[in-house]
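Thanks for agreeing to look this one over with me. Here are the points I would go through with the structure open beside the text.

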Amino acid sequence: MTSLRDASPAVIRLSDYRAPAWRVSHVELTFDLGIDSTEVTARLQLQHAADRAEPLRLDGEGLELLAIHLDGEALPESAWRYADSVLEVDGARDGSVLETRVRVQPAANTALEGLYLSGPRERGFLLTQCEAEGFRHITFFPDRPDVLASYTVTLRADRARFPVLLAGGNPDGAGELDNGRHWARFVDPHPKPSYLFALVAGRLEKIERAYVTASGRPVQLVIWAEADAIGRCEYAMDALQRSMRWDEQNYGREYDLDVFHVVATHDFNMGAMENKGLNIFNAKYLLADADSSTDDEYRAVEAVVAHEYFHNWSGNRVTCRDWFQLSLKEGLTVFREQQFSADMNSAPLKRIEDVALLRRAQFPEDAGPLAHPVRPAQYSEINNFYTATVYEKGSELVRMVAGHLGHEGFRRGMDLYFSRHDGHAATLEDFLGALGEANGTDLLPFLSWYAQAGTPRLTASGHYDAAQRTYTLTLAQHTPATPNQPHKQPLPIPVKLALFDDHGQMLPLHVADGDGGAAGATERVLVMEKSEQRFVFQHVDTVPVPSLLRGFSAPVILECDYAPADLARLLRHDPDGFNRWEAGQQLAARAFDNLRDGTATEALDAWCDALAALFSDSAIDAALLADLLTPPGEIELSERERLVNPQHVHALRQQLQESLALRIGQAALIQRYEALNAQTTLALDAISQGQRRLKRRVLELLARIDPWTAHTLATLQYDNAPSMTDRLAALSVLVRGNAPQAHAALLHFRERYADNPLAMDKWFAVQTQLPGELVLDRVQMLEADATFTLKNPNRVNALFGSWARSNPDGFHRADGSGYRLLVERLRELDRLNPQVSARLATALNGWQRLEPHRRTAAKAAIASLAEQNGLSRNLTEIVQSMLHS
Ligand code: TRP
Ligand code: ZN
């Protein structure tokens, strides 16, 4: 019956889109909730498109149909058919009411899609996850985002076992029933697609806050969590209020129900979900306190709370016509969250973090067999397309458009987009159309960014003509072929740039034939539209150092012929923190190339010298300095290799850090560490966070050249740490250095946090960062630990995800044993949770570029998966794409 296990899954194509023949204007749902068995009654008010002859077809997966009525009459078996996850019903007309009653089994649902149980059956609670196609696991429905209905939901359950009953929308009554049961009703007046439906039932505690919107609407904010976690929800509540205010102030968007519920669960496939009026969060992105959360995690909580809240407009009020438009809500919402986080924290640090993520997660995706456009043209399993490309690259595309329109123009465009499409399901054309129309400009050329996969390479070369006093910049773009897209077209690439003189001053820019740009401005955006273009700057009195792609103005890979000394100058003098960091990253990458090729050490010297100078500059922000002192990660560096040997990349990166540490000097590192350590606090303000970040980096650098001292300091730091940030940083240094003290610290950590699953996830994850040769045994020991389970996605990701993605040196063993272990577990995991297995499998994405030994071993492991019978549609699609494109 279920199509999940099909051998050759059907392909869904954007070009096949058709508006629905049947819609639902209103739905009434009644749930009789139980852990093992829940009965769902659905009354659908149907609408039939006059010009369409198709019979009524509803989606439904794994449902046990108990009763079916059409317009009040029980339907004979001959009047309906349920096969291949579709229910076909005869005799329905426009205006008909269809009522179905089905049974589902929450406790048996390990896929965490549809209605499921979170936690142990004695204590756990029930909840739903419907995006993208989970609603069809709950009831029969046209489960597609362009069917918008209003919802009335009644929940009934045993009061002692399920004291709290929640669904999206406003509360509309509650009361007692016989036999210790009770009921609660919720009405959501805003038409929404089925993927935004949610319910929660069980024993939960709450914190509440009253909020008043800009126009004076009172809203009750409620965060729900299990008893042991409710004390860690205050920070999320604060973040929620900040998000709501920010969206009012920056986009003029208010919340639109009387209540806003947020619920934390430990059993969740992704980060969080924006269900209308009832957001549900992976506890990892909601709970925070100093004893168990790091600074990075606090910021992640703030970001995810904001992201889900912002979806109320970008996603819920204006939703997606079909899943190909996913980036319409996700790219836009990531962008809005990035703006918000930049406002709440440090803008340059936020940009650094986001660009680093793009390079670590999206660039490799775009360069491998799973590459797909931000708007894919086809899929077989939509859950496989919640990717870094759709989210992070999607956000970069919005950022380019926003930059192009300017602050006010973008706001004008967003106002039109929200008001024109409010209550409707929209497309990316609608989005660009509204933004363009509000600004009297045509943005449709940007659509090519949405349709074309692969990361463009931008090459730049400059030529200075002293006699003419001109500087000529030649830019060329090229996008390498990706699976199914052999030929690429040039894209509009905004290149923000500045020119520096040799004192580190920015020069006024005069572009020949330039289309304006404020006279004498020192920063300009040139838009490249062709494959190759030349820009001439006039009145340039000295050989300039160009700073290109400032703020990362386009998601491209820049290749340019700067001299190392030029990059070092930008690293030292650029007034903009992000651009400074970027210059340092480019310089470090060059230094990496030099080390690899055994060529001149000019770049390495320039990088180390510039950073050593900054290290002793007391004016520089501590957090920024920490980031400057961090070379690109191993995944990013691997992208520079034609053939990747992860052990080799690891060793070279270690060498980079060792050179840097030596250049700064042991004494200076220890002194700085001591100074920072003396200032240790629990405070969460930006300065304190920055000091902790720098302290960690300094300790890591020290560990490269003086492990004994570093481990001694780390042990002290571990023992005295007032916060998780300091505690985990120390533990990480001990584990990565395979220090003798690591053992006792790990034992202590385990005891101390035995009752805190999120902290225990860190205990698993940190140990996957043991040095290369040692980690495989440790992973096997850890999976034998009583607290390990394949049923919990956070735990799976903490162990296998961290190992396979964040320790390439330890995962990619030459004998292939790492690949074989991962694939073995993927098989088991796939039977429990296809979304999580498919996602974890993408850790093997880069196999084709591995050096031949590892490549052969990786391919054999993936191929053995492909031969497995009964693989989920999710994992099948990933495995087949990895093997055949
Ligand atoms: N829409 C969610 C977000 O980005 C993510 C999401 C999609 C999700 N599918 C999911 C979350 C399945 C959990 C489970 O905000
Ligand atoms: Zn989202």
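Before the points, one term: two strands count as paired if DSSP finds at least two bridges between them. Please also keep in mind that this is a predicted model.

1. **The sheet.** With that term in hand, look for an open sheet of five strands, in the order β17-β18-β19-β21-β20, with mixed pairing. β17 (205-212) and β20 (272-273) stand at the edges with a single partner strand each, so one side of each has no neighbour in the sheet.

2. **The β20 edge.** How is β20 joined to β21? Two bridges link β20 to β21 (residues 278-282), and these strands run antiparallel. A handy place to check the register is A272, which stands opposite F281 in β21.

3. **Helices across the sheet.** Helix α1 (residues 234-251) lies across β17, β18 (218-225) and β19 (259-265), and runs at about 25 degrees to β17. Helix α2 (residues 295-310) lies across β19, β20 and β21, at about 150 degrees to β21.

4. **The ligand shell.** Which residues are closest to ligand 1? Of the 15 residues that surround ligand 1, the closest are E131, E274, E308, E330 and Y391.

5. **Polar contacts of the ligand.** For E131, a polar side-chain atom lies 2.5 Å from a nitrogen atom of ligand 1. For H307, a polar side-chain atom lies 3.4 Å from an oxygen atom of ligand 1. The side chain of K329 has an N or O atom 3.4 Å from a nitrogen atom of ligand 1. On its own, ligand 1 has 370 Å² of accessible area, and the protein covers 98% of it. The elements giving two or more residues to the shell are β20, α2 and α3 (326-344). That brings back two elements from the sheet region: β20, an edge strand, and α2, which lies across β19, β20 and β21.

6. **Helix α8.** Further along the chain, helix α8 (residues 564-573) has P564, D566, L567, A568, L570 and L571 buried. An α-helix has 3.6 residues a turn, so residues three or four places apart point the same way. Among the elements that cover the buried residues of α8 are β27 (493-500), β30 (545-548), α9 (577-597), α10 (602-615) and α11 (622-628).

7. **A loop position.** Where does Q679 lie? Q679 is in the loop between α14 (666-678) and α15 (686-705). Its relative accessible area is 39%, so Q679 is partly exposed. From Q679 to Q880, 201 residues apart along the chain, the C-alpha separation is 53 Å.

Terms used
Residues are numbered from 1 along each chain as its sequence is written. Chains are lettered from A and ligands numbered from 1 in the order in which they are written. This is a predicted model: local features need pLDDT of at least 70, side-chain atom pairs count only at pLDDT 80 or more; totals for chains, interfaces and linings use all residues. Side-chain values use heavy atoms; hydrogens and water are left out. Buried means under 20% relative accessible area, exposed over 50%, partly exposed in between (1.4 Å probe, protein chains only). Helices (H or I, at least four residues) and strands (E, at least two) are DSSP runs, numbered from the N terminus. Contact means heavy atoms within 4.5 Å. Axes are lines fitted to C-alpha atoms, for helices over the stretch in contact, and angles run from 0 to 180 degrees between N-to-C directions. A residue is near a molecule or strand if one of its heavy atoms lies within 4 Å of it. A polar contact is a pair of N or O atoms within 3.5 Å; within protein, one must be able to donate a hydrogen and the other to accept it, and residues adjacent in sequence count only if both atoms are side-chain atoms. Accessible areas come from the Shrake-Rupley method with a 1.4 Å probe; for residues, only the protein chains shown count as cover.
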